[in-house]
Every structure is written in C-alpha cells, then in structure tokens.
Amino acid sequence: MTTHTQTTVTEVGQFLKNPPEGFTVEAFGSEYRVHCSEENLVFIDNFRSGDCDIVFQNSLGRQLKMHNLWEYTRMRKSLLSKRIYVLVSRCDQNIPESIKKEPSEPKVLQKYVLSIDGGNPMIKWQMERGLDWAISSVAGESYRVEIDLSEILESLGAAGVITKNLMKCNPTWKDSSFTLKYYSDALFDFPHWFGFSKRSFKLRLIKNT
C-alpha cells in the first residue's frame, strides 16, 4: 500500500486481505462481499479480479444519479467530509508492433483501490471549487460532472505504486474518475439532451504550507 497524508492506494488483493477501518470482507466461494460503514463514500461497481467476483454492497457505483436539490446537497456534504474510494486500473500502454494497426485496449496490469480524504483542507477546497464551477457553467437544469483523479495517481506513481516491473511496461492509469449526474424535471432541457452540460475537473495533491 502507498500512503500520503491525503490519499492511499491499495492493491485489490491486499485490500480484501486487510480491509481498512470501516470495511469488512466476507468470502462466499468465489465471491467476496465488501461491506463499508457510512463514514466512507464508495464509488465502485461490481468487478472481477482473477477468478473472483468482488461486490461492494454499500457502493454508490462509479456513476451516481441525483434527482433533486436535497440529494445533491446531501452528496456534496459527504464528498467534502468523508473518505472517498474508487477502483482504478494500472495498464500497459505499450502495444506490440504486430497489432498496432488493430483497435486495442491497454492491458490491465493490476487493480487498485484509491482513497482520498474529502475532508482534507486541500482536497476539500478543490472539490468545492470544482462543484461550484460545474453548476455555474451549465446552461440547462440537468448536467453531469466527472471528478478526475488521474493527476493524483500520477503524483503517487513515484511514491511506490510503480514497481520496477511496471516501470518496464510504460504504465498508465485507467478508470481514474467517478461521475455525478444531476437530473431535473425540466420539460425542455435542450443543453443536456445535446450533450452541452457535461463538465469535468481534476483533483491534485497539494502540499500543506
């Protein structure tokens, strides 16, 4: 596991073997069921790791839908105070010469659980600013905003996540974000229908001064 004052990155197998505070894991044959307390905010869809199915039973999913101001306000408060968990994949960006001309997805080398402390002053400040900007910049009632964590992962790469073997593979990150979708009951929400209400902002590691 790689740690930082604002974040942790844990390989999936290690996470299941030694879950962090607020998590419990139960094994049922080839399925692992992960339970988490209300103090944590999990944006992880069900997935498969090796021969096992992993189910985060209290997860909100990578894409969370909200339908009214109360739901948005409640989620915003949680984002700014709880520890957030997201599943990310470390991939090999190198593509063999023999298949470069064919469509190809990067090879997944390892899956990790990334957590960030939403209550950390530096993270909280960025999250507040990003959410406020997203709301003020959309033209319609409905919108979606992607919270991109790729720069956090890149910053942590030099801190131990990238092992010597991975360094030889030209690694890159995949699935390093989660999305909030707000749907209103507006009858003619044209900007949203035509895809003009999509926003994205990045979180970064900032040293406390």
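The legends below describe several close-up views of one predicted model.

**View 1. The largest pocket and the residues that line it.**
In this predicted model, the largest pocket holds about 410 Å³ of space. Rolling a probe the size of a water molecule over the atoms shows where empty space is left. The lining of the largest pocket is made of 19 residues, and those that lie nearest its centre are Leu41, Arg74, Met75, Ser78 and Lys82. Strand E5 (40-43), strand E8 (63-66) and helix H2 (69-79) each give at least two residues to this lining, with H2 supplying the largest share, six residues. Sorted by chemical character, the lining of the largest pocket contains eight nonpolar, five polar and six charged residues.

**View 2. Strand E4 and its two partners, E3 and E7.**
Strand E3 (residues 23-28) and strand E4 (residues 31-36) are paired in the antiparallel sense over six bridges, and within this pairing Phe23 has Cys36 of E4 as its bridge partner. The hairpin formed by E3 and E4 has two residues between the strands, and in this hairpin Gly29 adopts a positive phi near 65 degrees. With strand E7 (residues 52-56), by contrast, E4 pairs in the parallel sense, over four bridges, and here Arg33 stands opposite Val55 of E7.

**View 3. Two separate nonpolar cores.**
The largest nonpolar core contains 33 residues, among which Phe43, Leu79 and Leu180 touch the most other members. Helix H3 (residues 121-137) contributes the largest share of this core, four residues. A second core, separate from the one just described, has 14 residues, including Val12, Phe23, Cys36 and Ile54.

**View 4. Strand E13, enclosed on both faces.**
Six of the six residues of E13 are buried, so this strand is largely enclosed by the rest of the structure. On one side of E13 the buried residues are Ser177, Thr179 and Lys181, while on the other side they are Phe178, Leu180 and Tyr182, so that both faces are covered. E8 and E13 run parallel and are joined by four bridges, with Gln63 standing opposite Thr179 of E13. Strand E11 (residues 143-148) pairs with E13 in the antiparallel sense over six bridges, and the bridge partner of Arg144 in E13 is Lys181.

**View 5. Asp175 in the loop between strands E12 and E13.**
Most residues other than glycine have a negative phi, and most peptide bonds are trans. Asp175 is not a glycine, and yet it has a positive phi of about 60 degrees. This residue is found in the loop between strand E12 (171-174) and strand E13 (177-182). Asp175 counts as partly exposed because its relative accessibility is 36%, a value that lies between the limits of under 20% for buried and over 50% for exposed.

**View 6. Two buried cysteines, Cys36 and Cys91.**
A disulfide is a covalent bond between the sulfur atoms of two cysteines. The structure holds zero disulfides. Cys36 has a relative accessible area of 14% and therefore counts as buried, since buried means under 20%. Cys91, at 0% relative accessibility, also counts as buried. Cys36 is one of the members of the second nonpolar core, and in the pairing of E3 with E4 it is the bridge partner of Phe23.

Terms used:
Residues numbered from 1 in each chain as written. Predicted model: local features only at pLDDT ≥ 70, side-chain atom pairs only at ≥ 80, totals over all residues. Heavy atoms only, no water. 1 Å grid on protein atoms, 1.4 Å probe; cavity = no way out; pocket = protein on both sides within 12 Å on 5 of 7 lines; lining within 4 Å. Points joined across faces, edges and corners; volume = space filled by probe spheres on them. Nonpolar A, V, L, I, M, F, W, Y, C, P; charged D, E, K, R; others polar. Pairing = 2+ DSSP bridges. Core = buried A, V, L, I, M, F, W, Y, C linked by side-chain atoms within 4.5 Å. Buried < 20%, exposed > 50% of the residue type's maximum accessible area, 1.4 Å probe, protein only. Disulfide = S-S within 2.5 Å.
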